[in-house]
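Biologist: Before I trust the words used for a structure, I would like to see each one tested against its definition. Could we go through them together?

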Amino acid sequence: MITSRRASAALAVLAGGALLISGCSADRGGGGASASGSGTSSAATSNATITVAHEAEFNSYNNNTADQNAVQNAVVLNNVLDGFWDYGQDGGVRPTTEFGTYEKTSDNPLTVKYTINDKAVWSDGTPIECSDMVLTWAANSGKFASKETDENGNPLTGFSSAGTTGYEDANIPQCNAGDKTVTVTYNKTFADWNSLFAAGSILPAHIVGKNAGVSDVISAIKNNTTDQVNALAKFYNTGFIGKPGTVDKDNWLSAGPYMIDSWQAGQSITLKANPKWWGTPAKTGTIVIRFIDATAQAQALANGEIQVAKPQPAADILKQLQAIGSSVKIDQGDEYTFEHADFNFQGEFKDANLRKAFALCMPRQQIVDKLIKPVNQNATVLNSRWKLQFQQGYQQVVQASYAGQYDQANIDQAKQLLGGKTGITVRIGYKTPNQRRTDEVSLIKASCDQAGFNVQDAGQSDFFGNGLANGNFDVALFAWSGSPLVSSSASTYVTGGGNNNGKYSNPQVDQLTATLLSETDASKQDQTIGQIEKILWDDVATVPLFTFPGIQANDTKVTGPQFQPAQSQQTWNDNEWAVAKAS
């Protein structure tokens, strides 16, 4: 499973798997002229159907709450819910100018002006305007959480957010109902100021208001009218969760090239071109997303059941794809995703020597050699959590923070740190089924048991629901998916951070992270990251393992699919896919 990190959506999950300043392009779309004021886009859209595979089934139209922020939803919603930016082909920020534009107008105080396209409407014809922006801010600012909790300590009311970074430092958007121009000021400098109001984050405020019985969403939020805000939050948190096989067409509106049309429970979900989309028309009228396990995607591609696949990286899956032959195009590349082992600081691993001993016996190089190099022959062990090997500044950060002490397994040194103790039980939790992770645990056990540990495979199918979040592990094995945004890791290593599942805490890391988030100079950012990483290595907060080698394949009869390293996955540009014309 992959857990994804976006600056404004910190946590997301991809079942079966393993939540940006440069590289901007103009906008989404295939370069054609925008649609006319009527909003009809079907004239330039073909009647063809393209089918793409994904491993996990869609479950929520709202991909922004803490428990629904999942890649399985993003794969469906990528071009259903638009915003001011999305990840482009290189994984960097890509302003989506057909939705609107934004610009920084002041540094003191930091001020950003947003201008929504005059033609922008929800698929029911309602204009996209100020209230949608105000709701997005309220839901992700962390300023409206309820003090009431259930028996598990979860808020009974109050907006649920996968991540508040950036929004928590911004003031309520300045605008009035119906306005297409919105101004946002900040209480302090935020390095990734261009990362708010992303594609997928803006939901229809008029729908939330109608279902909550609130006629004036802006006033309710601006005045913090408790009963009304609680009603808005309740529907926002739960009202968009899907019932398999049922498309809630009244509430699941579109603000992009596609809209959700139908859903076959356990089988597929179908997107159709949005007739109210005002921008460059989608090239293909119908996109079908089939729910297919990674191990079966290559065969489905070979059989013609699907035209696009993005299975998890594994040597046998790559071989299956290669065996199909010239009718399939295979793309490979490094992703903004990395595997790591996290310690549970609430258990025995609160002992620093125990963490160091386990890090010393972990065969990181062997894991890469046996499990990753068959997919990417140039793969190396990862020695940073904030920077990946293909990113600028990686070597600088590693040189400033890590001395190579955990490069190779050192059983003798691990034994010394354990002081003669043996049989120390270590439950390694991860989501099953996942053969690669099962193999990782086997390699770790074979090495660390020699040092005095008793490693147990504690993989479980509901690990993320009944393991990671509940602290039911000694070591957690999973992956973070992020981006070049420095704020993408903002809540992962700080005290009380939403992504800090192991409950690690160090005041210096908290302070340095706050400094990083307000630092706009890229060179100084890397210096601060190096300081953070040194503390993380000294504390052995987590152990990074490897960068994910991504695989994507498509039938050559289809044009447009392109590998992208960010968390958007294979459908990031499905509005540009087309069935190739016969020559």
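Biologist: What are the mean positions of the positive and negative charges, and how far apart are they?

Modeller: In this predicted model, the mean positions of the 43 positive and 55 negative charges of the protein are 2 Å apart. Lys and Arg count as positive and Asp and Glu as negative, while His and the chain ends are not counted; each charge is placed at NZ of Lys, CZ of Arg, CG of Asp or CD of Glu.

Biologist: How do you decide which features of a predicted model to use?

Modeller: Local features need pLDDT of at least 70 and side-chain atom pairs count only at pLDDT 80 or more, whereas totals for chains, interfaces and linings use all residues. Residues are numbered from 1 along each chain as its sequence is written, and side-chain values use heavy atoms, with hydrogens and water left out.

Biologist: What is the mean pLDDT of the protein, and which residues stay under 50?

Modeller: The pLDDT is the predictor's confidence in each residue, from 0 to 100; its mean here is 89, and 91% of the residues reach 70 or more. Over residues 1-42, however, pLDDT stays under 50, although the model has 194 contacts (heavy atoms within 4.5 Å) beyond four places in sequence for them.

Biologist: How does the radius of gyration agree with that of a compact globule?

Modeller: The radius is taken over C-alpha atoms, and the globule rule is 2.2 Å times the number of residues to the power 0.38. For 583 residues the rule gives a value near 25 Å, and the protein has 24 Å, so the two agree.

Biologist: What makes phenylalanine 197 count as buried or exposed?

Modeller: Buried means under 20% relative accessible area, exposed over 50%, and partly exposed in between, with a 1.4 Å probe and protein chains only. Phenylalanine 197 has 1%, and therefore it is called buried; of the 583 residues of the protein, 59% count as buried.

Biologist: What is the sign of phi in phenylalanine 197?

Modeller: Phi of phenylalanine 197 is near 55°, a positive value in a residue other than glycine. Most residues other than glycine have a negative phi. Valine 540 also has a positive phi, near 50°, and it lies in the loop between helix H15 (522-539) and strand S17 (542-555), where helices (H or I, at least four residues) and strands (E, at least two) are DSSP runs numbered from the N terminus. At 0% relative accessibility, valine 540 is likewise buried.

Biologist: Why is arginine 290 called partly exposed?

Modeller: Its relative accessible area is 24%, so arginine 290 falls between the two cut-offs. Arginine 290 lies in strand S11 (residues 284-291) and touches residues including Thr51, His54, Gln267 and Glu305.

Biologist: What makes helix H2 mostly covered?

Modeller: In helix H2 (residues 130-140), 11 of its 11 residues are buried, among them Met133, Leu135 and Trp137. What covers the buried residues of H2 includes S7, S8, H3, helix H4 (217-222) and helix H5 (226-238). Just after H2, glycine 142 takes a positive phi of about 75°.

Biologist: How do you know which form the peptide bond between asparagine 108 and proline 109 has?

Modeller: Omega is about -5° there, and the bond is cis; proline 109 has its place in the loop between strand S6 (100-107) and strand S7 (110-116). The bond from threonine 432 to proline 433 is cis as well, with omega near 0°.
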